[in-house]
Amino acid sequence: MTASEMSSVYPPLDVLKPVADNLWLVDGGPLRAAGLPIPVRMTVVRLANGDVWLHSPTQYDEALRVEIEKLGPIRHLVAPNVVHWAFLKDWRNRCPGAVSWAAPGLRQRAQVRKSGVILDHDLGDAAPAAWAGDIDQVVVPGGFGFKEVAFFHRPTSSLILTDLIQNLEPEKVSRLARPLLRLVGSMAPDGKTPLHLRFAINARRSAAAEAARRLVDLAPERVIFAHGRWFESNGAERLRRALRWLTG
């Protein structure tokens, strides 16, 4: 990892970081997007029945798998949108007891079919029985194949997003990149949905706005997402501000 890539992430990497009861984060990466090293994050939930649920798995790491399985058996691997699925294949291959879940339309994408990743079930607005007692979910629709499934962990009042909000801190990116990230709306402390995703979501703006209002109405204590500084406190107000472009 180069010095610039190391400065863009949230160390320590590939280890469990406690957030609340039965809720952890794993910071990994970086990924490269538009030539920039971008931090990436997985969310880990231990369900009430003891099963472990992995949201947007980061790059597979054997020591991390062993650490997670001390919490309970890994039973669910979640690919929550059309981008965050690339590392799921390795986790699926090494966790034979796990079931994989895909955002609507993901299984039909040519790149996904070509990859050989096994995606067992599609996600929808209704949580499956496997985690309905712990987690609610909402599909945020868009055009051009974009959909993101948002999850709300009720016991900790935590909203789990992926790309719907990005909040990259200035010190985590190069000086040259900062004006671009401000322009697209991904720069902390006022990170929001990046411009290219707003364009896609606007293709189904009415339905997406309804979904976004449902998320705001959940009034989460914290909001977790894959890229940048997540909202550790005052989640409801910060979520409302980040989605104001859509909810009005």
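Leaving aside neighbours within four places in sequence, which residues is leucine 25 in contact with? In this predicted model, the partners of leucine 25 are Val15, Leu16, Lys17, Val19, Arg41, Met42, Thr43, Ile224 and Trp230. Leucine 25 itself is part of strand β2, which covers residues 23-33. With a relative accessible area of 4%, leucine 25 is buried, because the cut-off for that class is under 20%. Alanine 79 makes a useful reference point along the chain: 54 residues separate leucine 25 from alanine 79 in sequence, and the C-alpha to C-alpha distance between the two is 16 Å.

From this one residue, the view can be widened to the whole chain. The protein has nine helices and 11 strands. Its radius of gyration is 17 Å, which agrees with the value near 18 Å that a compact globule of 248 residues would have. The C-alpha trace spans about 45 × 45 × 40 Å along the principal axes. Among contacts with a separation of 6 or more, 53% join residues that lie 24 or more positions apart.

Burial and surface can be described together. Of the 248 residues, 55% count as buried. The accessible surface comes to about 10700 Å², and carbon and sulfur atoms hold 53% of that area. As for charge, the protein carries 32 positive and 25 negative charges, and the mean positions of these two sets are 6 Å apart.

Next comes the interior. In soluble globular proteins, nonpolar side chains tend to be buried together. Here the largest nonpolar core contains 68 residues, and Val44, Ile68, Trp91 and Leu161 are those with the most contacts inside it. Helix α7, made up of residues 205-217, gives the most to this core, contributing six residues. A second, separate core has eight residues, among them Ile38, Val173, Ala177 and Leu181.

Valine 44 offers a closer look at the surroundings of one core residue. Apart from its neighbours within four places in sequence, valine 44 is in contact with Leu16, Asn22, Leu23, Trp24 and Val26, as well as with Val52, Trp53, Leu54, Ile68 and Leu71. Ile68 is thus a contact of valine 44, and both residues are listed among those with the most contacts inside the largest core. Leu16 is a partner of valine 44, and Leu16 is also a partner of leucine 25.

Some backbone details deserve a mention too. Two cis peptide bonds can be described. One runs from proline 11 to proline 12, with omega near 0°, and proline 12 sits in the loop between α1 (3-7) and β1 (17-20). Another runs from alanine 188 to proline 189, with omega near 10°; proline 189 is located in the loop that links α5 (178-184) to α6 (195-202).

Positive phi values in residues other than glycine complete the backbone picture. For alanine 219, phi is near 50°. This alanine 219 belongs to the loop between α7 and β11 (222-224), and its relative accessible area of 41% makes it partly exposed. Asparagine 234, likewise not a glycine, has a positive phi of about 55°. The loop between β11 and α8 (235-242) holds asparagine 234.

Key:
Residues are numbered from 1 along each chain as its sequence is written. This is a predicted model: local features need pLDDT of at least 70, side-chain atom pairs count only at pLDDT 80 or more; totals for chains, interfaces and linings use all residues. Side-chain values use heavy atoms; hydrogens and water are left out. Helices (H or I, at least four residues) and strands (E, at least two) are DSSP runs, numbered from the N terminus. The radius of gyration is taken over C-alpha atoms; the globule rule is 2.2 Å times the number of residues to the power 0.38. Buried means under 20% relative accessible area, exposed over 50%, partly exposed in between (1.4 Å probe, protein chains only). Contact means heavy atoms within 4.5 Å. Accessible areas come from the Shrake-Rupley method with a 1.4 Å probe; for residues, only the protein chains shown count as cover. Lys and Arg count as positive and Asp and Glu as negative; His and the chain ends are not counted. The place of a charge is taken as NZ of Lys, CZ of Arg, CG of Asp or CD of Glu. A nonpolar core is a set of buried Ala, Val, Leu, Ile, Met, Phe, Trp, Tyr and Cys residues joined through side-chain atoms within 4.5 Å.
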